[in-house]
Structures are given as structure tokens and as C-alpha cells.
Amino acid sequence: MRLSSAFERVQGIVFVLPALIVLALFLIYPAYYTIRLAFYEGDFHYNFVHYVGLDNFKQLLTNDPDFLDLSKFPPGGALINNLRWVIFYISLSLLIGLGLAVLAVRVRYERVVKTVIFLPMAIAATAVGIIWLFVYSPDPDIGVLNAVLVGFDNSFHPIAWLGRPDLVNYALIFAYVWASVGFVMVVLSAAIKGIPAEVMEAARVDGAGEWNIFRRIMLPMLSLPISVVTIWLFINVIKVFDIIYVMTGGGPGTSSRVIAFTMYEETFHNGRPGYGAAVAVIMLILIAPVMVLNVRRFRSEKVVA
Amino acid sequence: MATVDSAVQVRATTRSERMVRFVTRTPLHFVLIAISLLWLVPTVGLALTSFRKPPAIASSGWWHSISQWDWTLKNYDAVINATGMGHAWVNSVIITVPATILPLTLGALAAFGFAWVPFPFRDTLFLIIVALMIVPIQTSLVPLLKLFASWGHLNNSYYGIWLAHTAFGLPLAVFLLRNFFITLPKDLIEAARMDGASNFAIFRRIVIPLSVPALASFAIFQFLWVWNDLLMALIFVSDPAKQPMTVRIPYLLSTYGQEYNLLAAASFLLMILPLAVFFALQRYFVQGLLAGSVKT
């Protein structure tokens, strides 16, 4: 089967070589560079200036309240904010997405619902940001959210959702959930349709209620797609940047910063590339387990048969 | 489809059964329709605002606009010409098209190698690419900026951002396309080899024509990714005259923060192309996204 002449061997490499060169030069080498830079102070030209060892990391984790502040309650800083994102963004997206997927298969207009919910996936985070700046506007003639609340209760004082440090993160998270739920729904509803009809039928014949069918049949059979979606949401959340840049610029103050935002801010505004590189390395460390997982899963499935 | 229906719906036959069914299902319809409307409201609000006159925007919410029925296109005129968004829209196209074609081409070539032409360390190299799929952009920004600067100011042209997007799109392209290519019938490719077709001929004449759905899925995915990207454009396109819409709109926000008519019109311009692609090629778009996640 395999024509393993020398020429044949070379040919395969010719096909993959352009891609490998691009990846090595623009993805792998930069990652190495950034990891190394994290141990330096760095200068305006991003050179390796002034080796500081682990100082950048120490500073980030123990002496930078904008990144991690455990001295107050609730704790603050970009890392904690990102943890809020992990918890609330992932659970809300999963809950709403799964709920919609399960409910929508039961109606004829499923396609319409799916399209409507999925639509924000096509919208740039920049536009999502502007859309939700409008929704959250403290002016009840602009912001529909405050308008609705004022409509319910005339004495209600419009809330500046993005102006309050205690609310801003949740307001941002919800806007991003809005943009992501469509993905969760589409993946899970495809998975639901893959569940063999006989299984559900059999359960119904045996008199199982809808809730039991959902809990004991659907949910276990959906565990793999749910974990895939969760991983996707997790990667999203570690990388989240655009929407925060547009909507709050990390503010008010520094109260809505996340990891990716800190990396941008420290590197490109505060002129601390070494410090910013350390933040990027922390991102890489957070995402590394997912890389390992992907590779493992793929290896067990396909490549090495 | 028939099996799907029977899986999730119990057919109602008699009239009374249908009545019961309708009543018990009312909450279901209510929840679905309410959430769908809720999901539409923010986008509709922006779209309507973009066609309203500034005094109307300032004095009443967009939800009043349907009864007022007083629309204008002036916002678009202003945003396209006066604020330079028309120019930025063209920049977005200039950035997006090569940044889609390059990874598609390089990715398809590599995917073919990984799928059908054996070479040493093939599996190991492929696993590395699988791992690279989710490397955060942040680990590349600074070194790439430095690299591009040392190569003669690629940041002042589009080469830098094209290359950066190519590098970031490639792992997914290779992964998606390789997984599709290996499902092509082996007999077909072996037969072509027997007939003396070169690998490149097999790639061009057999693999590519049979893989249009997969190629389209990736192309649409990458197109939207690049079009919607803010961070990379922010870093790699420093010349304001060359920046895409995603970068110019936040500037508009900081200079004309209260000019809702302009902001709405600009955002809507940014959304038009992706939404058109989405509606025209929804199937490929969804497939691309699904393939990118479910099959990892």
C-alpha cells in the first residue's frame, strides 16, 4: 500500500512544510520568546533587558491588587474577575443553551428559535459591546433595561450597570452569554437528535415522565457534548478581551479587568513587556490542561490506531 | 427527520388529545417565544436606532420609533463619509480576504500531506498542531510585533496582520481539513496513484473538488473570525488610515460617545457582512463551528 520510496517521503514533507514554517515562525517561536521575556523586565523594544527571575510572577500574585487582591471581601483583581467569568459565564451559557436545546426540539419552529439565538454568534464583539452599551445605558430613553424597570416602578432610579464596580462584571458576563448561548444550543441540539428514538420511546412506554427521561437518559447521553462545549466556553473565557475593551476599558477604575486585559494594558500602555509576558504565560498555563486533554483525546481516537 | 419527530413528540390523534396537548404545551411555547424575543431585542434596538433622527433618539427610546415612523439614512451618510467608516469597512475587507485565503491554501496542502502522504513523524507533528489550536494570541503579540518591525515595518502595511491571522487560523484549518480528507474513499486515491497521478494532481483534481463543504466551512469560520477580530488589528495595524472597523468603532465611541445615531449606524455596518454570510451560508457556518469543537 505504502509507496515508501525516498521521493515519496520527501513529497509528503513538501505538502506540510509551508504550514510548518508559518507555525514555527509565527506561533511556536513567539510563544518561546514570550515565556523567556516573562523572566525579564523588558524594554520599549521588547528586548531581554534586566533578568528578574520569578519577580514578575511574584509581583503579580502577591503585590498587584489590580491583578489579585485577597485583602478585601469579596476579593478583587483581574484574576478573581476572570474566575467570576469562569463560574457565571460557563454555567449560565450551559444552563440557557441546554434548556433551549431540550425545549426547542419539541416545537415545529425549532429552526427559527435556533437562528434567532445563534445570530449573535456572527456579530463582532465590538458590535456586541455597542449593542449592550445601549441596553445598559443609565438614560431610560436609550437603555431598554432601565426603561423596563422604570416602567414597572415609576420611583425606580435607573442603574448605571457598567458604572458600578459591584455590578459591572456581571453586566459584561451577561452580554457575552447572550453572544455565546447560540453555540451551546446548536451543539447540544445536534447531540439530542443523535439520541436513538427507540431509547426514548422505550422509556415512554415504560411510563417514565419527561423529567426522568431528561435526567436519566438525555443528560447522561449528552455528557460528552456538554464537556466539549464547556471546554470551548472555558477557552473563550480565558481569552475574553474585546467586549471589555469596548464596553468598559477595564473600568470603572480597574474593576472589570480580566487576565487578557491586564496583559494588553501592562504591555502596550504601561510599557512593561516583561510583566505583560508573565500575564500571558499565566494564560498559557491556564489553557495548557485543555491542550493536553485535546491531544490525549485525539490520540486515543484516531491518529494512533 | 421522521425518527426525530417520533423521538420527541407523541402524536396526538383525537381532538380532545389535541386540546390537552395544546394546553399543556402553552408554557413551552411561551418560554421559547419569550426567550427568542429577549434575544432579538438588543440587536433590533441597535438597528432601529441607526435609522432614527438624532433629536428623536435623544428624547425617546427606540421602542417608540415604530409609532413615530420617522426614519432617515443621514446617520449612515455621516458615519460612512464624515467619520471615515466607509474607508474602515474597505480596510476590513482588505484584511479579511487574504487572511482567509492564505490559511485555507496552506492548511489544505498540509492537511492533504497529513491525510494521504506518509512521511516521518507525521503523527507527532499532527498532534503538535492539535495542541497549537488553542494557544492564546497573547503569547504571540509582542514577539510578532518585534519580528514584523525588524522586517521593515510590516506593521505599517497589511503583511503583518495577514501573516498573524494565517498563523492563528492554520492549526484549525489543518485539523478540520485533515479530518475531512481522511474520510474520502481510499480506493479512489489509490486508483489514481496506480494510474500514475502525482500527489499534487490527486490533491487538485480529486481531494479539493470532493471537499468543498469542508473548505467552505473553514473559509466562513476564518472569514468571520478575522472580520470580527479586534485585538490583533489593534496591535498589528498601527496606521489609523489602514485600521479595520472593529478598531475604528471604539475610537468613535471615545470621541462621539453620546452620538448614538453614529455609533448605531457604524455597528450595524460592521454587522451587515457577517450576517449576510450567516444567512446565506448558515449550514456551512454552523458546520464549521461544530467541527471545530465537537471533533476535537
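What follows is a chat between a trainee and a mentor about how the labels used for this predicted model are earned.

Trainee: Let's start with chain A. What makes up its secondary structure?

Mentor: Chain A has 13 helices and zero strands. Its C-alpha trace spans about 75 × 70 × 35 Å along the principal axes, and 44% of its 305 residues are buried.

Trainee: Why is Y46(A) called buried?

Mentor: You count the other C-beta atoms within 10 Å, and 20 or more earns the word buried. Y46(A) has 23 of them, so Y46(A) is buried. You'll find Y46(A) in the loop between α1 (6-37) and α2 of chain A.

Trainee: And what makes the backbone at Y46(A) worth a look?

Mentor: Its phi is positive, about 60 degrees, although Y46(A) is not a glycine. Most residues other than glycine have a negative phi.

Trainee: Which residue of chain B, other than glycine, has a phi near 60 degrees?

Mentor: That's F121(B), where phi is positive too. F121(B) is in the loop between α6 and α7 (122-132) of chain B.

Trainee: How do you know whether F121(B) is buried or exposed?

Mentor: Same kind of count. The cut-off for exposed is 12 or fewer. F121(B) has 10 other C-beta atoms within 10 Å, so F121(B) is exposed.

Trainee: Then what makes L103(A) partly exposed?

Mentor: Partly exposed is what's left between the two cut-offs, 12 or fewer and 20 or more. L103(A) has 19 C-beta neighbours inside 10 Å, so L103(A) counts as partly exposed. L103(A) belongs to helix α3 of chain A.

Trainee: Which residues is L103(A) in contact with, leaving aside neighbours within four places in sequence?

Mentor: L28(B), V31(B) and L32(B). A contact needs C-beta atoms within 7 Å. Within chain A, L103(A) and S189(A) are 86 residues apart in sequence and 9.5 Å apart in space, C-alpha to C-alpha.

Trainee: How many residues of each chain take part in the contact between chain A and chain B?

Mentor: 83 residues of chain B are in contact with 83 residues of chain A. On chain B's side, helix α2 (residues 15-50) gives the most, with 14 residues. That side of chain B divides into 57 nonpolar, 23 polar and three charged residues.

Trainee: Where does α2(B) bend?

Mentor: At R25(B), by about 40 degrees, and a proline, P27(B), follows within four residues. The angle is taken between axes fitted to the seven residues ending at the bend and the seven starting there. As for burial, the buried residues of α2(B) include L32(B), W39(B) and P42(B).

Trainee: How do you know that α6(B) spans about what a helix should?

Mentor: You set the reach against the expected span, which is 1.5 Å times one less than the number of residues. Helix α6 of chain B (residues 85-116) has 32 residues and reaches 46 Å from first C-alpha to last, close to the 46 Å expected.

Trainee: And why is α6(B) called mostly covered?

Mentor: Look at the tally: 23 of the 32 residues in α6(B) are buried.

Trainee: Where are the cis peptide bonds in chain A?

Mentor: One joins F73(A) and P74(A), with omega about -5 degrees. Another joins G251(A) and P252(A), with omega about 0 degrees. P74(A) is in the loop between α2 (55-62) and α3 (78-104) of chain A, while P252(A) is in the loop between α11 (242-247) and α12 (259-269). Most peptide bonds are trans.

Trainee: What domains does the assignment give for chain A?

Mentor: Domain 1 is 1-72 + 257-305, and domain 2 is 78-232. Their C-alpha centres are 31 Å apart. Nine residues of domain 1 of chain A are in contact with seven residues of domain 2 of chain A, and α12(A) gives the most to the domain 1 side, with three residues.

Trainee: How is chain B divided?

Mentor: Into domain 1 (2-71) and domain 2 (78-294), with C-alpha centres 34 Å apart. The contact takes seven residues from domain 1 of chain B and six from domain 2 of chain B. On the domain 1 side, the largest share, four residues, comes from α2(B).

Technical notes:
Residues numbered from 1 in each chain as written. Chains lettered and ligands numbered in written order. Predicted model: local features only at pLDDT ≥ 70, side-chain atom pairs only at ≥ 80, totals over all residues. Helix = DSSP H or I, 4+ residues; strand = E, 2+ residues; numbered from the N terminus. Contact = placed C-beta atoms within 7 Å. Nonpolar A, V, L, I, M, F, W, Y, C, P; charged D, E, K, R; others polar. Domains from an automatic or database assignment.
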